[in-house]
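This report introduces a protein chain to a reader who has not met it before. It begins with one local detail, goes on to other single residues, and then turns to the chain as a whole.

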Amino acid sequence: MKKCGIYIHIPFCSKKCPYCDFYSRSGTDKLYDEYTAAMLRSLGSSPYRGEYAAATLYFGGGTPGLVGAERLALMIEEVKQDFGLDTENSEITVELDPADESIDLDLLKRVGVNRISIGLQSSDDRELKLLGRRHNAEQAERFIERVKASGFENYSLDLMLAIPGQTAESLERSVRFCAESGASHISSYILKIEPNTVFYKKRDELELPGDDEAADMYEYLCRLMSEYGYKHYEISNFCKEGFEGKHNLIYWHDEEYLGFGPSAHSFADGRRFYYPRSMKSFYDNEITEDGEGGSEEEYIMLALRLSKGVRAEEYRKRFDCELPHKYLLRCRGLAAAGLVKADENGFSLTEKGFLLSNSVIARLLQ
């Protein structure tokens, strides 16, 4: 039986953050029950039951904690039955908000959840208010203590970069907050102003840093993470040794995964497909085809998000041929500019290259 990652989208939020363009909506207990029942049906009727076994399970959102631990437990049990999820050994992640004060963390631990991803974004109350977050720094600290008291040793914190008005000092305080909390993993993303968001409508009023300032902030973050003992293993992700996010590694290794819920994407049997951004489409099991997946170029593009980059030996195993020499030739000028590291064993982006990853990857793939 083939291995895959399974992603379950929980599309509910108590309010929409002004920077967020993910699919979400408000909910009620009645809607949470309806959605849970629909998710159980979707998992139980999947044509991939019996063909794929779940190596990881990830609950994203939205705000998964809003539906409560009991409903999440029902979904975990369904994945266990339909996709052979090993709750003793598989990575099972739930995204939670520090304002999810009523979530039963002990129940999540009992049903197999072993990794919590916490949407901190900042430890600065001014920045949190600007971002429209429901929590403040004190609430976040209390929530992390609850997570640890429930026995979770593997928890990740999200940080946002290039927030309007953010300074090197406030960023350092946020990184220190994460490190002193004992976080095993930190994800950090540069704020991007997306269409159809409140920030997009107000973009002329926001004091956004320029590209050079955002790049300086990213490079400063990378130095701070190293000083606090975190390994930079992917463009936006840092971890203590051995705590890489296994589910997301499936994406970056261009391996197969199944997504359930509105806006969730899948890659299975060489094809990509997804549910549209609509509850009705999910309830009606409407699937949109998104072309073939797993090509050489796609594999290289995704592998270059990782600090180890493209390895010749792994490429050989994947495609049953040698890594084409043309890529190493294209690396020469990029290496001279400090954007790429390359030798006969493969090539990877430098931290400077990470900042320009889209253009560097385009140059390599031509």
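## Local features and overall form

Asparagine 285 has its place in the loop between α10 (279-283) and β12 (288-292), in what is a predicted model. The phi angle of asparagine 285 is positive, at about 60 degrees, although the residue is not a glycine. With a relative accessible area of 48%, asparagine 285 counts as partly exposed, because that class lies between under 20% for buried and over 50% for exposed.

Serine 263 also has a positive phi, here of about 80 degrees, and serine 263 is likewise not a glycine. The loop that holds serine 263 runs between β9 (257-260) and β10 (265-268). The relative accessible area of serine 263 is 19%, so this residue is classed as buried, the limit being under 20%.

Another backbone feature concerns glycine 61 and glycine 62, which are joined by a cis peptide bond with an omega of about 15 degrees. Glycine 62 belongs to the loop between β2 (52-61) and α2 (69-83).

The relative accessible areas of four residues discussed in this report are set out below.

| Residue | Class | Relative accessible area |
|---|---|---|
| Asparagine 285 | partly exposed | 48% |
| Serine 263 | buried | 19% |
| Histidine 232 | buried | 12% |
| Glutamine 166 | buried | 10% |

Which residues surround histidine 232, leaving aside its neighbours within four places in sequence? Histidine 232 lies in strand β7, which covers residues 231-234, and, with those neighbours left aside, histidine 232 is in contact with Tyr218, Cys222, Asn237, Phe238, Ser307, Glu351 and Phe354. For two of these residues a polar contact between side chains can be described: the side chains of histidine 232 and glutamate 351 are joined by one of 2.9 Å, while the side chain of histidine 232 makes another, of 3.4 Å, with the side chain of tyrosine 218. Glutamate 172 is 60 residues away from histidine 232 in sequence, and the C-alpha atoms of the two are 17 Å apart in space.

Glutamine 166 is found in the loop between β5 (155-161) and α6 (168-181), and a relative accessible area of 10% makes glutamine 166 buried. A polar atom of the side chain of glutamine 166 lies 2.8 Å from the backbone nitrogen of alanine 162. When neighbours within four places in sequence are left aside, the residues in contact with glutamine 166 are Arg126, Glu127, Met160, Leu161, Leu171 and Met217.

The description can now be widened to the whole chain. The chain has 15 helices and 15 strands, and its C-alpha atoms fill a box of roughly 60 × 50 × 40 Å along the principal axes. A compact globule of 366 residues would have a radius of gyration near 21 Å, and the chain, with 21 Å, agrees with this. Of the 366 residues, 54% count as buried. Where contacts join residues at least 6 apart in sequence, 68% of them link residues at least 24 apart.

The surface and the charges complete the account. The chain exposes about 16800 Å², of which carbon and sulfur atoms supply 47%. The chain carries 46 positive and 61 negative charges, and the mean positions of these two sets are 1 Å apart.

Terms used. Residues are numbered from 1 along each chain as its sequence is written. This is a predicted model: local features need pLDDT of at least 70, side-chain atom pairs count only at pLDDT 80 or more; totals for chains, interfaces and linings use all residues. Side-chain values use heavy atoms; hydrogens and water are left out. Helices (H or I, at least four residues) and strands (E, at least two) are DSSP runs, numbered from the N terminus. The radius of gyration is taken over C-alpha atoms; the globule rule is 2.2 Å times the number of residues to the power 0.38. Buried means under 20% relative accessible area, exposed over 50%, partly exposed in between (1.4 Å probe, protein chains only). Contact means heavy atoms within 4.5 Å. Accessible areas come from the Shrake-Rupley method with a 1.4 Å probe; for residues, only the protein chains shown count as cover. Lys and Arg count as positive and Asp and Glu as negative; His and the chain ends are not counted. The place of a charge is taken as NZ of Lys, CZ of Arg, CG of Asp or CD of Glu. A polar contact is a pair of N or O atoms within 3.5 Å; within protein, one must be able to donate a hydrogen and the other to accept it, and residues adjacent in sequence count only if both atoms are side-chain atoms.
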